[in-house]
Amino acid sequence: MHTEIERKFLVKDPSFVHQSFQKKYFIQGFLNTDPHRVVRVRVTDTEAFLTIKGISSENGTSRFEWEKEISIQEGNQLLQLCEPGIIEKHRYLIKSNKHIFEVDVFLGDNKGLIIAEIELDHENEKFETPNWLGKEVTGETKYYNSTLSKTPFTKWA
């Protein structure tokens with residue numbers, strides 16, 4: 001158990017792909033999307049996780065997170081129980097000094113949306129901002145995966 005501190009940004013252009021050192025495919029669903037206790041199931045080609053997240057801080061940068069690795073079989077079974085709206089995406093990892101940006105390129109109903117996240121040790125920690133990083137959307141709930149599962153990017157007005 002720990003408090004996750006992260007900031008989210010839109011991505012301006014695809015140049016981040018060439019800086020990536022890893023790419024993974026994710027499929028994830030939500031057993032519960034209540035903002036006080038989001039319960040997520042995530043499956044990749046090599047692993048699966050059950051994650052519980054608490055309510056976000058007022059500015060959206062931090063919240064409680066508990067995560068447990070489960071078998072891929074268990075993950076796939078739990079995906080069948082999830083609320084409607086499965087999220088699919090490719091995640092690229094990009095090193096930036098001592099930090100790692102996770103850049104999610106969404107597929108399916110969220111195709112066209114690209115979000116970068118950076119985890120920090122404290123809310124005011126400084127970090128390098130790559131040239132492909134766009135507008136900050138930390139705390140904007142419409143960009144939370146749990147919200148995107150219900151109101152996908154392609155359905156936004």
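The following legends describe close-up views of a predicted model.

**View 1. The largest pocket and its lining.**
The largest pocket of the model has a volume of about 680 Å³. Its lining comprises 42 residues, and those closest to the centre of the pocket are Glu 4, Arg 91, Glu 102, Glu 117 and Glu 119. Which strand gives the most to the lining of the largest pocket? Strand 2, which covers residues 20-32, gives the most, with six residues. When the lining of the largest pocket is sorted by class, 21 residues are charged, twelve are polar and nine are nonpolar.

**View 2. The second largest pocket.**
This pocket has a volume of about 160 Å³. Its lining is formed by Thr 33, Pro 35, Val 38, Ile 55, Ser 56, Arg 63, Thr 141, Tyr 144, Ser 146, Thr 147 and Lys 150. By class, five of these lining residues are polar, four are nonpolar and two are charged.

**View 3. Ser 146, a residue in the lining of the second largest pocket.**
Ser 146 belongs to helix 2. Is Ser 146 buried or exposed? Ser 146 has a relative accessible area of 10%, and a residue under 20% counts as buried, so Ser 146 is buried. Apart from its neighbours within four places in sequence, Ser 146 is in contact with Phe 30, Thr 33 and Val 38. Two of these contact partners, Thr 33 and Val 38, also appear in the lining of the second largest pocket.

**View 4. The nonpolar cores.**
The largest nonpolar core contains 15 residues, and the members with the most contacts inside it are Phe 16, Ile 94, Phe 101, Val 103, Ala 116 and Trp 132. At least two residues of this core come from each of strand 1 (2-11), strand 6 (87-96), strand 7 (99-106) and strand 8 (114-119). A second core, separate from this one, has nine residues, including Phe 30, Ile 87, Leu 113 and Leu 148.

**View 5. The surroundings of Val 103 and Val 11.**
With neighbours within four places in sequence set aside, Val 103 is in contact with Val 11, Phe 16, His 90, Arg 91, Tyr 92, Ile 94, Ile 114, Ile 115, Ala 116 and Trp 132. Val 11 has its place in strand 1. The relative accessibility of Val 11 is 15%, which is under the 20% limit, and Val 11 therefore counts as buried. With its neighbours within four places in sequence likewise set aside, Val 11 is in contact with Phe 16, Val 103, Ile 114, Ile 115, Ala 116, Trp 132 and Gly 134. The C-alpha atoms of Val 11 and Ser 146 are separated by 20 Å, and the two residues are 135 residues apart along the chain.

**View 6. Aromatic pairs and an aromatic cluster.**
The model has seven aromatic pairs. One of them is the edge-to-face pair of Phe 9 and Phe 127, with 6.0 Å centre to centre and 70° between the planes. This pair links distant parts of the chain, 118 residues apart: Phe 9 lies in strand 1, and Phe 127 lies in the loop between strand 8 and strand 9 (133-136). Phe 9 counts as buried at 6% relative accessibility, and Phe 127 counts as buried at 16%. In the rings of Tyr 143 and Trp 156, the centres are 5.4 Å apart and the planes are at 70°, so this pair is edge-to-face. Because Tyr 143 lies in the loop between strand 9 and helix 2 (145-148) and Trp 156 in the segment after helix 2, the pair ties together parts that are 13 residues apart in sequence. Tyr 143 counts as buried at 6% relative accessibility, whereas Trp 156, with a relative accessible area of 23%, is partly exposed. One aromatic cluster is formed by Phe 9, Phe 16, Tyr 92, Phe 101, Phe 127 and Trp 132.

**View 7. Lys 23 and His 36.**
Lys 23 is found in strand 2 and counts as partly exposed at 48% relative accessibility. Although Lys 23 and Tyr 92 are 69 residues apart along the chain, their C-alpha atoms are separated by 4.5 Å. Beyond its neighbours within four places in sequence, Lys 23 is in contact with His 90, Arg 91 and Tyr 92. His 36 is located in the loop between strand 2 and strand 3 (37-43). Not counting residues up to four places away in sequence, His 36 touches Lys 53, Gly 54 and Ile 55. The C-alpha atoms of His 36 and Leu 107, which are 71 residues apart along the chain, are separated by 27 Å.

Technical notes:
Residues numbered from 1 in each chain as written. Predicted model: local features only at pLDDT ≥ 70, side-chain atom pairs only at ≥ 80, totals over all residues. Heavy atoms only, no water. 1 Å grid on protein atoms, 1.4 Å probe; cavity = no way out; pocket = protein on both sides within 12 Å on 5 of 7 lines; lining within 4 Å. Points joined across faces, edges and corners; volume = space filled by probe spheres on them. Helix = DSSP H or I, 4+ residues; strand = E, 2+ residues; numbered from the N terminus. Nonpolar A, V, L, I, M, F, W, Y, C, P; charged D, E, K, R; others polar. Core = buried A, V, L, I, M, F, W, Y, C linked by side-chain atoms within 4.5 Å. Buried < 20%, exposed > 50% of the residue type's maximum accessible area, 1.4 Å probe, protein only. Contact = heavy atoms within 4.5 Å. Phe/Tyr/Trp six-rings, centres within 6.5 Å; stacked < 30°, edge-to-face > 60°.
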